[in-house]
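Hi,

Here is the structure I promised to pass on. Have a look at it first, and then read on for my notes on what turned up.

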Amino acid sequence: REGPEEPTLKRWRRRYVARVATINLSAQLLTMQRMMLSSTRVLGALGRMTAARQTAMAPSLASRPFSSSSDAARDRRYHWVEPEAERLIARAYARHRQLAQRDAVSPNGWKSFPPSISIADLESPALEQEYHYPPKTRGDRIAKKLVDYGEKLMHLFFREKYDHHAVTLETVAAVPGVVGAAHRHLRSLRCMKRDHGWINPLQEEAENERMHLLIWMQHTKPTSIERAFVMMAQGIYVAAYSVLMYLSPRTAHRTVGYLEEAAHRAYTDYLRAVDSGAIPNVPAGEIAKKYYSLPEDAKLRDVILHVRADECMHRDFNHHLSDLYDAKEEDEFPTKMGEEVEGKPSEAKEGASSGLGRASVVMAASGKKTGPDGAQ
């Protein structure tokens with residue numbers, strides 16, 4: 001405190017320093033208040049954008065989990081989607097399963113292509129419906145919030161550039177399959193036991209997503225900023241997902257399921273933009289026509305429908321894998337979509353009953369001999 005004996009100059013200097021400190025503190029508080037106001041406005045804008053997009057969706061496309069009171073519906077492995085949707089998704093994705101098996105069945109002589117699903121089926125409300133797996137645990141809720149936050153950032157960055165959004169999305173979506181397959185492969189080696197048919201579907205998922213990227217690269221070229229973003233995001237995502245897969249495979253697969261739910265929404269928006277004329281419905285690229293066995297006059301809209309059906313399969317299969325971890329069945333064969341609703345026995349389970357896996361069943365169907373432990 002100032003004393004009566006303190007010189008006048010020192011008192012004035014002390015008062016000046018105190019006033020300057022007060023002014024600086026007030027300026028910092030005002031800056032923080034403005035930053036908080038700006039953040040509130042940005043979050044409000046994001047909320048309004050999300051609400052407007054959800055309002056624009058037709059009532060039949062509203063996000064809702066499928067529920068049924070029947071015991072049969074509750075016992076289905078893919079209980080969160082309607083049986084009709086499961087049947088169509090399985091049909092849409094059947095081509096990839098047969099492509100993965102073709103060399104084992106008939107090496108260098110496989111000519112026929114899997115029967116294509118019709119455009120009418122791809123436009124079915126069962127495939128257009130947005131299905132959502134309700135979070136059950138804290139890990140599910142964290143995964144859902146992370147994906148929702150990333151989806152809002154992607155929409156804020158790309159806005160109406162749906163084609164550029166699709167390219168960037170596929171560079172990220174192709175990572176979990178190869179990381180998950182490597183995790184299961186190393187787990188099989190480390191534990192010295194079979195994998196029970198998880199590795200191949202995950203590798204197939206990664207390859208399918210990579211083909212999506214090549215398909216969209218024929219329709220648009222990413223900017224230098226987008227390429228830099230992809231390089232940074234891939235490094236972060238590979239490292240983060242690898243750690244998550246090691247710590248909690250259940251949460252990792254659930255995260256991918258929610259990511260594919262976001263991919264389904266993104267491709268639905270892309271489809272609406274093409275239907276409204278905002279994006280020209282140009283002819284399909286050569287890679288897409290060969291990969292999906294499309295006719296020569298196929299258009300961009302046909303490709304979007306096929307890719308969206310693939311994302312439905314990845315969405316539901318990863319939710320199913322997470323459910324297997326929930327049920328302590330990580331050493332069981334996954335159930336292929338469509339087997340329950342169509343009443344077909346699982347090839348994997350047929351092989352399991354005799355000590356053989358899916359690869360052995362395929363080899364046996366082609367007349368080739370397999371060893372007693374020729375499965376994964």
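**What I found inside**

Let me start with a small enclosed space: the lining of the second largest cavity has 6 nonpolar residues, 1 polar residue and no charged ones. Before going further, please keep in mind that this is a predicted model.

Which residues line that cavity? They are Y162, H165, A166, L169, A266, Y267 and Y270. The elements that give two or more residues to this lining are α7 and α11, and α7 has the largest share, with 4 residues. The space in the second largest cavity comes to about 40 Å³, and the structure holds 2 cavities of 30 Å³ or more.

Some background on the chain as a whole, in case you are still finding your way around. There are 16 helices and 0 strands in the chain. Of its 376 residues, 44% are buried. If you take the contacts between residues at least 6 apart in sequence, 74% of them join residues at least 24 apart.

**The largest pocket**

How big is the largest pocket? Its volume is about 850 Å³. It is lined by 30 residues, and the closest to its centre are L146, G150, V172, Y237 and L259. Four helices each give two or more residues to the lining: α6 (138–158), α7 (162–173), α10 (224–247) and α11 (249–276). The largest share comes from α6, which provides 12 residues. By class, the pocket lining divides into 22 nonpolar, 7 polar and 1 charged.

Y237 is worth a second look. Its ring and that of Y241 have their centres 5.8 Å apart and their planes at 40°, so this pair counts as tilted. Y237 and Y241 are 4 residues apart in helix α10, which means that about one helical turn separates them. Are these two tyrosines buried or exposed? Y237 has 19% relative accessibility, so it counts as buried. Y241 counts as buried because its relative accessibility is 2%.

**The nonpolar core**

As a bit of general background, nonpolar side chains in soluble globular proteins tend to be buried together. In this model, the largest nonpolar core has 49 residues, and the members that touch the most others are W216, Y267, Y270, V303 and I304. At least two residues of this core come from each of α3 (83–105), α5 (125–128), α7, α9 (199–217), α11, α12 (286–291) and α13 (300–326). Which helix gives the most? That is α13, with 12 residues.

I304 is a handy residue to click on here. Leaving aside its neighbours within four places in sequence, I304 is in contact with W216, Y267, Y270, L271 and V274. There is also a second, separate core of 8 residues, which includes V179, M245, A252 and V256.

**Aromatic pairs**

In total, the count comes to 8 aromatic pairs. One of them, W216 with Y267, is stacked, at 5.9 Å centre to centre and 25° between the planes. W216 lies in helix α9 and Y267 in helix α11, so the pair ties together parts that are 51 residues apart in sequence. Both W216 and Y267 are buried. Ring pairs also link Y162, W216, Y267 and Y270 into a cluster. Three names in that cluster should look familiar, as Y162, Y267 and Y270 are among the residues lining the second largest cavity.

**Two loop residues**

Finally, a couple of backbone details. Phi of R159 is near 55°, a positive value in a residue other than glycine. R159 lies in the loop between α6 and α7. H196 also has a positive phi, near 65°, and is likewise a residue other than glycine. Where does H196 lie? It lies in the loop between α8 (175–191) and α9. At 18% relative accessibility, H196 counts as buried, since the cut-off for that is under 20%.

If you want a place to begin, try turning on the side chains of W216, Y267 and Y270, which are among the core residues that touch the most other members.

Cheers

Terms used:
Residues numbered from 1 in each chain as written. Predicted model: local features only at pLDDT ≥ 70, side-chain atom pairs only at ≥ 80, totals over all residues. Heavy atoms only, no water. 1 Å grid on protein atoms, 1.4 Å probe; cavity = no way out; pocket = protein on both sides within 12 Å on 5 of 7 lines; lining within 4 Å. Points joined across faces, edges and corners; volume = space filled by probe spheres on them. Nonpolar A, V, L, I, M, F, W, Y, C, P; charged D, E, K, R; others polar. Core = buried A, V, L, I, M, F, W, Y, C linked by side-chain atoms within 4.5 Å. Buried < 20%, exposed > 50% of the residue type's maximum accessible area, 1.4 Å probe, protein only. Contact = heavy atoms within 4.5 Å. Phe/Tyr/Trp six-rings, centres within 6.5 Å; stacked < 30°, edge-to-face > 60°.
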